[in-house]
Amino acid sequence: MSFAKAQDLLRLAQMAASRRGGVSLEDICAEFDVSHRTAQRMTEALDATFANVSTTDDTERRRFWHMEAPLPDRLQPRQETAIEALEIAARTARDEGRIRHSRALEDLRDGLLARLNPRDALRSEADAEAVLAGLGRVTRPGPTVALKPAVTDAVIEALRGPFRLQVCYGPQGAAPRVIEPHGMLLGHRSYLVARQPARGEDILNFRMDRIHEAQVLNESFQLAPGFSLEIYAAQAFGVYQDPEQYGEVVWRFTPEAAERAAEFRFHPTQIVEPQDDGSLIVRFKAAGWLEMAWHLYQWGDKVEVLAPAGLRELVVGHQRSDFDALP
């Protein structure tokens with residue numbers, strides 16, 4: 001938004017707050033010397049920017065926009081993003097064991113909600129929850145690929161709808177494609193989980209770093225029936241999904257590495273089985289052999305793949321005995 005448009009939006013907000021009957025499209029056209037369609041876009045921006053906007057219709061079916069609140073509090077920016085940010089930060093702190101930080105962030109979130117009126121608090125919580133339900137964090141050791149802020153912002157806005165996205169994906173110059181976002185998997189390489197209607201009903205993964213541009217379309221859609229991002233994410237060890245590789249995974253850690261391995265949560269569905277000889281067996285169901293191999297390499301010769309055979313063949317001959325430390 002340009003500086004001039006921002007000034008116009010603030011002036012419109014002041015008009016809606018100061019006029020007892022509110023402001024109509026005709027009032028906006030006359031005050032700002034704009035077309036009817038531009039006036040409509042200005043009211044859309046007003047509603048999207050401020051949480052305390054309401055509308056009424058008169059007997060002639062003309063719509064009026066109001067700013068509801070005592071004078072010092074009339075300009076109230078919407079709070080969904082702040083609530084989302086505090087909740088994500090609190091969850092991250094909790095996952096990392098920083099309980100004091102987690103509680104402090106949760107207190108800030110609760111205080112912010114308490115300052116809103118009940119209607120706005122309910123709407124902010126609902127919108128924030130829609131985004132949080134679509135963010136599945138998959139944490140694995142190693143570096144991460146940087147994401148484009150504008151693309152991430154567009155994805156979050158689309159999840160809130162949910163709305164379709166038009167993206168430029170893959171090599172530069174590729175034709176735009178329309179997709180239906182169902183969530184994001186955040187890890188060393190992040191993926192957008194979505195359907196692409198032109199390719200059918202299957203849920204697909206799109207690498208976030210390969211999305212060059214993203215535009216939210218004013219087109220809503222129905223999420224896939226019964227879809228759960230948590231269940232979907234648990235089908236992979238990292239973020240890569242491959243139905244043909246999905247199955248039971250069994251690793252045996254030597255007695256020297258068993259205590260350290262017991263500290264790890266390799267997968268949400270894992271079962272840990274201490275053995276009489278001091279070794280440790282870990283079982284879970286997932287796909288993504290390559291990501292497993294990347295992780296297993298860090299354990300050197302202190303881990304043995306019992307299943308599946310494909311993963312065992314992938315790592316055989318690559319276990320080193322000269323690592324100075326375990327992960």
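The following exercises, each with a worked solution, examine a predicted model.

Residues are numbered from 1 along each chain as its sequence is written. Because the model is predicted, local features need pLDDT of at least 70 and side-chain atom pairs count only at pLDDT 80 or more, while totals for chains, interfaces and linings use all residues; side-chain values use heavy atoms, with hydrogens and water left out.

**Exercise 1. Determine how helix 2 and helix 3 pack, and which residues make the contact.**

Step 1. Locate the elements: helix 2 covers residues 25–32 and helix 3 covers residues 36–49. Helices (H or I, at least four residues) and strands (E, at least two) are DSSP runs, numbered from the N terminus.

Step 2. Read the geometry. The two helices pack at an angle of about 110 degrees, and their axes are 9 Å apart. Axes are lines fitted to C-alpha atoms, for helices over the stretch in contact, and angles run from 0 to 180 degrees between N-to-C directions.

Step 3. Classify the angle. Helix 2 is therefore roughly perpendicular to helix 3 (under 35 degrees is roughly parallel, over 145 roughly antiparallel, 65 to 115 roughly perpendicular, and the rest oblique).

Step 4. List the contact residues (contact means heavy atoms within 4.5 Å). Helix 2 contributes Leu25, Ile28, Cys29 and Phe32, and helix 3 contributes His36, Ala39, Gln40, Met42 and Thr43.

Step 5. Sort them by character. The contact of helix 2 with helix 3 has 6 nonpolar, 3 polar and no charged residues. Here Ala, Val, Leu, Ile, Met, Phe, Trp, Tyr, Cys and Pro count as nonpolar, Asp, Glu, Lys and Arg as charged, and the others, Gly among them, as polar.

**Exercise 2. Describe the largest nonpolar core and the elements that supply it.**

Step 1. Fix the terms. A nonpolar core is a set of buried Ala, Val, Leu, Ile, Met, Phe, Trp, Tyr and Cys residues joined through side-chain atoms within 4.5 Å. Buried means under 20% relative accessible area, exposed over 50%, and partly exposed in between (1.4 Å probe, protein chains only).

Step 2. Find the best-connected members. The largest core has 20 residues, of which Trp251, Phe253, Phe266, Phe284, Met292 and Leu311 touch the most other members.

Step 3. Assign the elements. Two or more residues come from each of strand 10 (247–253), helix 9 (255–262), strand 12 (280–286), helix 10 (289–297), strand 13 (303–307) and helix 11 (309–315). Strand 12 gives the most, with 4 residues.

Step 4. Look beyond this core. Another core, of 19 residues, lies apart from it and includes Val151, Ala158, Leu186 and Ala194.

Step 5. Examine helix 10. Its buried residues are Glu291, Met292, Ala293, His295 and Leu296, and these pack against strand 10, strand 12, strand 13 and helix 11.

**Exercise 3. Explain why the salt bridges of Glu180 with Arg164 and of Arg283 with Glu248 tie together separate parts of the sequence.**

Step 1. Begin with the total. The whole structure holds 23 salt bridges (a side-chain nitrogen of Lys or Arg within 4 Å of a carboxyl oxygen of Asp or Glu).

Step 2. Take Glu180 and Arg164, whose side chains form a salt bridge at 2.9 Å, N to O. Glu180 belongs to strand 6 (residues 177–186) and Arg164 to strand 5 (residues 163–169), so the pair joins parts that are 16 residues apart in sequence. Glu180 is buried at 5% relative accessibility, whereas Arg164 is partly exposed at 22%.

Step 3. Place this pair in its setting. A network of salt bridges links Arg164, Glu180, Arg195, Glu201 and Glu219.

Step 4. Turn to Arg283 and Glu248, which form a salt bridge at 3.5 Å, N to O. Because Arg283 lies in strand 12 and Glu248 in strand 10, this pair ties together parts that are 35 residues apart in sequence. Arg283 is partly exposed at 26% relative accessibility, and Glu248 is partly exposed at 43%.

**Exercise 4. Locate the cis peptide bond before Pro162 and the positive phi of Asp33.**

Step 1. The bond joining Gly161 and Pro162 is cis, with omega about -5 degrees. Pro162 sits in the loop between helix 7 (149–160) and strand 5.

Step 2. Asp33 is not a glycine, yet has a positive phi of about 55 degrees. Asp33 lies in the loop between helix 2 and helix 3 and is exposed, with a relative accessible area of 71%.
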